[in-house]
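Colleague: I would like to go through some of the labels used for this structure. Please give the rule behind each one.

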Amino acid sequence: MQGTVATYDPASRSGTVLLDDGSELAYPATAFDASGLRLLRLGQRVRIDQDATGTVTRLTIPTFP
């Protein structure tokens, strides 16, 4: 699944993404930490990985593996 970064708090390393259907999805610091990224920019496109419960587990740049 992909979305666009809507909010990002560098202090807490968490925020929200807007999905293509317009819904908002929160991601925790652990998902950002698992990404290997150093920061996110508002409006940046990201790929979203979720576990079976729907919790965001990782955010990555769509062109990266």
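Modeller: Contact means heavy atoms within 4.5 Å. Leaving aside neighbours within four places in sequence, Ser35 is in contact with Arg58 and Leu59. This is a predicted model: local features need pLDDT of at least 70, side-chain atom pairs count only at pLDDT 80 or more, and totals for chains, interfaces and linings use all residues. Residues are numbered from 1 along each chain as its sequence is written, and side-chain values use heavy atoms, with hydrogens and water left out.

Colleague: Why is Ser35 called buried?

Modeller: Buried means under 20% relative accessible area, exposed over 50%, and partly exposed in between (1.4 Å probe, protein chains only). Ser35 has 14%, so Ser35 is buried.

Colleague: What makes the approach of the Ser35 side chain to the backbone oxygen of Phe32 a polar contact?

Modeller: A polar contact is a pair of N or O atoms within 3.5 Å; within protein, one must be able to donate a hydrogen and the other to accept it, and residues adjacent in sequence count only if both atoms are side-chain atoms. The Ser35 side chain reaches that oxygen at 2.5 Å. A polar atom of the same side chain also lies 3.0 Å from the backbone nitrogen of Leu37.

Colleague: Why is the pair of Tyr8 and Phe32 called tilted?

Modeller: Rings of Phe, Tyr and Trp (its six-membered ring) pair if their centres lie within 6.5 Å; planes under 30 degrees apart count as stacked, over 60 as edge-to-face and the rest as tilted. The count comes to 1 aromatic pair. The centres of Tyr8 and Phe32 are 5.2 Å apart and the planes are at 40°, so the pair is tilted.
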